[in-house]
Amino acid sequence: MTSTRMNAVICWLAVAGYEILLARFSLMRPRWLTAPSAAILLTPLIGSTLLLPLTRVFDWTAADISQLTGPYILEKSPWDTDASGNSGLDMIVFYRPRLVPFMRHLSQRASFGDDECNPGAATAQTDPQRRTVHFHCPSREDGKPAIDVILPLR
């Protein structure tokens, strides 16, 4: 979906559904085999996919969405980790079908930190003929070089 919050809710519901299926699986016989198997399959999901996608639902900062060449859109999402003072920008390129413009499909992404370059001025350009996207993050004032990344579109 084009809404970041709606995507977060859909992802969270998918993970919750998977956990319900694992809970039902753990009740099958023989329980001595299914219960430990379900616990092993559930362990990685608890923190990484149950709580983190839900935080995007309550993130009230608006992402900067702009149109790229053809059916591609670019979403710039700033991030900041308060503990270390490290911040930066996620640049995500989505494919938006012409017949269903409210849906989107992740095509490629790049992240740039403030310690690497100047992410506030970062840009992205798509080349539909070559099926590539070129991410450019300009150099910082302290002499660190600019970063150019060319990735294939999925």
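Select Phe135 to begin this tour of a predicted model, and show the residues in contact with Phe135, where contact means heavy atoms within 4.5 Å. Leaving aside neighbours within four places in sequence, Phe135 is in contact with Met91, Val93, Gln108, Arg109, Ala110, Phe112, Thr123, Ala124, Ile147, Asp148, Val149 and Leu151. Residues are numbered from 1 along each chain as its sequence is written. In this predicted model, local features need pLDDT of at least 70 and side-chain atom pairs count only at pLDDT 80 or more, while totals for chains, interfaces and linings use all residues, and side-chain values use heavy atoms, with hydrogens and water left out.

**The core around Phe135**

Next, select Met91, Val93 and Phe112 together with Phe135, since, of the 15 residues in the largest nonpolar core, these four touch the most other members. A nonpolar core is a set of buried Ala, Val, Leu, Ile, Met, Phe, Trp, Tyr and Cys residues joined through side-chain atoms within 4.5 Å, and buried means under 20% relative accessible area, exposed means over 50%, and partly exposed lies in between, with a 1.4 Å probe and protein chains only. Strand 2 (72-81), strand 3 (86-95), strand 4 (105-113) and strand 6 (132-137) each supply at least two residues of this core. Strands (E, at least two residues) and helices (H or I, at least four residues) are DSSP runs, numbered from the N terminus.

**Strand 3 and strand 4**

Now colour strand 3, where 8 of the 10 residues are buried, so that this strand is largely enclosed by the rest of the structure. Add strand 4, which runs antiparallel to strand 3 and is joined to it by 8 bridges; two strands pair if DSSP finds at least two bridges between them. If you centre the view on Val93, you will find Gln108 of strand 4 standing opposite.

Move on to Ser107, which also lies in strand 4. Is Ser107 buried or exposed? Ser107 counts as buried because its relative accessibility is 0%. Not counting residues up to four places away in sequence, Ser107 touches Tyr72, Val93, Phe94, Tyr95, Pro152, Leu153 and Arg154.

**Salt bridges**

A salt bridge is a side-chain nitrogen of Lys or Arg within 4 Å of a carboxyl oxygen of Asp or Glu, and by this rule the count comes to 4.

Select Arg104 and Glu75, which form one of these salt bridges, with the closest N and O atoms 2.9 Å apart. The pair links distant parts of the chain, 29 residues apart, as Arg104 is in the loop between strand 3 and strand 4 while Glu75 is in strand 2. Arg104, at 13% relative accessibility, counts as buried, and Glu75, at 2%, counts as buried too.

Then select Arg109 and Asp90, whose closest N and O atoms are 3.8 Å apart in a salt bridge. This pair also links distant parts of the chain, with Arg109 in strand 4 and Asp90 in strand 3, 19 residues apart. Here Arg109 counts as partly exposed at 38% relative accessibility, whereas Asp90 counts as buried at 12%.

Another salt bridge joins the side chains of Asp127 and Arg130 (3.7 Å, N to O). Asp127 is partly exposed, at 24% relative accessibility, whereas Arg130 is exposed, at 67%.

**Two backbone details**

Select Arg131, which is in the loop between strand 5 (123-127) and strand 6, and look at its backbone, where phi is positive, at about 60°, although Arg131 is not a glycine. Arg131 counts as partly exposed, with a relative accessibility of 39%. Which residues is Arg131 in contact with, leaving aside its neighbours within four places in sequence? They are Tyr72, Leu151, Pro152, Leu153 and Arg154. The C-alpha atoms of Arg131 and Leu153 are separated by 5.3 Å, although these residues are 22 residues apart along the chain.

Go next to Pro30, in the loop between helix 1 and helix 2 (31-42), and inspect the peptide bond from Arg29 to Pro30, which is cis, with omega near -5°.

**Last stop: helix 1**

Finally, select Leu13, which lies in helix 1 (residues 4-26).
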